[in-house]
Amino acid sequence: MTNHFFLSPDEIEISAIRAQGAGGQNVNKVSNAVHLRFDIAASSLSEDIRARLLALHDHRISKEGVVIIKAQKFRSLEKNRAEALRRLEELIERVAAPQKARRATRPTRASVTRRLEGKARRASIKAARGKVSD
């Protein structure tokens with residue numbers, strides 16, 4: 001089951017900023033990096049996707065529930081804008097598909113036996129380290 005979602009352009013705030021790092025002659029004149037802000041609570045996403053996004057422990061999601069993505073990979077403003085949007089969609093797609101429920105399993109009898117034999121072997125080695133009595 002795939003959850004389809006649609007992001008309206010007016011829900012996403014994109015601003016051009018100056019990129020960090022070396023840039024040559026245009027470094028102080030051209031704003032080519034992109035700062036994308038997306039408010040999860042005010043979005044038109046479904047309730048379960050919003051809840052999973054807010055529960056996600058990602059450094060790009062602020063305490064206020066705003067996704068902040070900075071893209072400065074390319075020298076072109078348009079390419080950086082497309083990159084920021086792609087990363088936002090990737091983040092949402094990751095939580096849109098619900099996780100499969102984990103089914104509890106039991107260890108095999110052989111694995112339990114191996115584990116206990118290893119513990120007994122280790123215990124005997126440690127017991128032999130005790131003080132020597134005369």
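**How the helix labels are earned**

Me: Happy to start with helix α1 (residues 47–55): Ile 49, Arg 50 and Leu 53 are buried there, where buried means under 20% relative accessible area, exposed over 50% and partly exposed in between (1.4 Å probe, protein chains only). What puts them on the same side of α1?

Reply: They cover an arc of only 100° around the axis, so they share one side of α1; the arc is that of the directions from the helix axis to the C-beta atoms. This is a predicted model, in which local features need pLDDT of at least 70, side-chain atom pairs count only at pLDDT 80 or more, and totals for chains, interfaces and linings use all residues. Residues are numbered from 1 along each chain as its sequence is written, and side-chain values use heavy atoms, with hydrogens and water left out.

Me: Which helix do the buried residues of α1 pack against?

Reply: That partner is α2 (77–96). Ile 49, Arg 52 and Leu 53 in α1 meet Leu 91, Ile 92, Val 95 and Ala 96 in α2, contact being heavy atoms within 4.5 Å.

Me: Why is α1 called roughly perpendicular to α2?

Reply: The two pack at an angle of about 110°, and 65 to 115 degrees counts as roughly perpendicular (under 35 is roughly parallel, over 145 roughly antiparallel, the rest oblique). Therefore α1 is roughly perpendicular to α2.

Me: Why is Thr 108, in the loop between α2 and α3, called exposed?

Reply: Its relative accessible area is 51%, and exposed means over 50%, so Thr 108 is exposed.

Terms used
Helix = DSSP H or I, 4+ residues; strand = E, 2+ residues; numbered from the N terminus. Axes fitted to C-alpha atoms, helices over the stretch in contact; angles between N-to-C directions.
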